[in-house]
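User: I'm new to reading structures and would like a close look at one part of this one. Could you walk me through how the helices pack, and then whatever else connects to them?

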Amino acid sequence: MRYLVLTDIHANLEALEACVADAQKRYDQTLVLGDLVGYGGDPNAVVELVQSLEPIAIVRGNHDKVACGLEQAEGFNAVAKSAAKWTLEVLKPEHRDWLCALPEGPIDVDDVVQICHGSPFDEDAYIFDETDAIRALKCSNRQLCLFGHTHYPVTFELANDSFDSMGSASAPQMHVQMRDGCKYLINPGSVGQPRDGDPRAAYAIVDTAVRLVELYRTRYAVEDAQNKVVKAGLPEVLAQRLAVGR
């Protein structure tokens with residue numbers, strides 16, 4: 001099975017469309033790791049496009065929960081709160097209901113893949129350091145656990161006698177060949193809000209038959225996405241950061 005993996009879209013329609021187009025049907029099913037909305041200017045269109053992809057598995061993100069009214073914006077900074085409030089107001093009722101019904105992770109997709117938003121031990125936890133990564137790897141019950149939330153593409157590998165990590169690469173794509181006897185924790189990076197200094201949209205394709213994960217970056221119409229943020233009256237910094245990937 002070949003999975004298209006999308007996470008942290010954040011209502012950026014241009015970035016999502018670019019990822020789907022770049023994948024060019026080199027996949028059989030879609031996996032979505034949460035945070036479809038928040039920050040960007042196209043929450044309704046993004047929900048509709050994700051729905052049209054008919055994901056075989058999808059989990060909610062923290063921004064999804066706040067933007068549909070399931071939770072308060074505790075812990076959000078002023079910019080994130082402003083975007084969440086605006087999103088809640090402009091979401092169509094049927095889209096709010098759909099977001100509210102998204103399941104909590106982790107979800108076991110098949111015998112190889114598990115997905116979550118933050119981590120397999122806490123859907124809202126951030127995985128940045130070795131300690132949290134090892135904990136997540138030991139909690140996961142599949143060889144590959146895919147996560148998002150940090151907006152930073154990274155691969156963690158755990159073997160019986162070693163632990164390794166690999167951060168963002170500047171190349172258009174990076175391959176991870178999974179080895180027998182090893183477990184993997186991989187973040188493909190954010191579709192619509194990259195934070196690793198690379199403004200290109202990020203996604204992954206996982207081929208479970210050959211145990212291969214491919215991490216991709218693709219350019220998209222950043223200025224169009226920025227203009228929608230400004231036109232919506234959202235904080236201007238949300239438009240500015242798209243150009244620098246921060």
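Analyst: Here is a walk through the helix packing, then the loops beside it, then the aromatic rings. Keep in mind that this is a predicted model.

Let's start with the helices. Two packed helices are described by the angle between their axes and the distance between the axes. Take helix 1, which covers residues 13-23, and helix 2, which covers residues 43-53: their axes come within 9 Å and cross at roughly 20 degrees. Angles under 35 degrees count as roughly parallel, so helix 1 is roughly parallel to helix 2. The crossing of this pair is left-handed. Which residues do the touching? From helix 1 you'll find Leu13, Leu16, Glu17 and Val20, and they meet Ala45, Val46, Leu49, Val50 and Leu53 in helix 2.

Helix 2 has another partner to look at: helix 5, residues 93-100. Here the axes come within 10 Å and cross at roughly 60 degrees. That angle makes helix 2 oblique to helix 5. The crossing of helix 2 and helix 5 is left-handed. On the helix 2 side, the contact uses Asn44, Val47, Glu48, Val50 and Gln51, while helix 5 brings His95, Trp98 and Leu99. Try finding Val50 in your viewer: it is listed in the contact with helix 1 and also in the contact with helix 5.

Now follow the chain out of these helices. After helix 1 comes a loop leading to strand 2 (29-32), and Gln24 lies in it. Lys25 lies in the loop between helix 1 and strand 2 as well. What's worth a look here is the backbone. Most residues other than glycine have a negative phi, and most peptide bonds are trans. Gln24, though, has a positive phi of about 50 degrees despite not being a glycine. Lys25 isn't a glycine either, and its phi is positive, at about 55 degrees. Are these two buried or exposed? Exposed means over 50% relative accessible area, so Gln24 counts as exposed at 57%, and Lys25 counts as exposed at 64%.

The loop after helix 5 has its own backbone feature. Pro106 lies between helix 5 and strand 4 (107-108), and the peptide bond from Gly105 to Pro106 is cis, with omega near 5 degrees.

Finally, the rings. The structure holds 3 aromatic pairs. In one of them, the ring centres of Phe156 and Phe163 are 5.8 Å apart and the planes sit at 20 degrees, so the pair is stacked. Phe156 counts as buried because its relative accessibility is 5%, whereas Phe163, at 23%, counts as partly exposed.

Another pair is Tyr203 with Tyr216: the centres are 5.1 Å apart and the planes are at 15 degrees, so these rings are stacked too. This pair links distant parts of the chain, with Tyr203 in strand 11 (residues 201-207) and Tyr216 in strand 12 (residues 212-218), 13 residues apart. Tyr203 is buried at 0% relative accessibility, and Tyr216 is buried at 8%.

Tyr216 also has a charged neighbour: the charged end of Arg26 sits over its ring, 4.9 Å from the centre. You can look for a similar arrangement at Phe121, where Arg135 lies over the face of the ring at 3.8 Å from the ring centre.

Note on methods. Residues numbered from 1 in each chain as written. Predicted model: local features only at pLDDT ≥ 70, side-chain atom pairs only at ≥ 80, totals over all residues. Heavy atoms only, no water. Phe/Tyr/Trp six-rings, centres within 6.5 Å; stacked < 30°, edge-to-face > 60°. Buried < 20%, exposed > 50% of the residue type's maximum accessible area, 1.4 Å probe, protein only. Helix = DSSP H or I, 4+ residues; strand = E, 2+ residues; numbered from the N terminus. Lys NZ or Arg CZ within 6 Å of the ring centre and 35° of its normal. Axes fitted to C-alpha atoms, helices over the stretch in contact; angles between N-to-C directions. Parallel < 35°, antiparallel > 145°, perpendicular 65-115°, else oblique. Left-handed = near helix turned anticlockwise from the far one by under 90°. Contact = heavy atoms within 4.5 Å.
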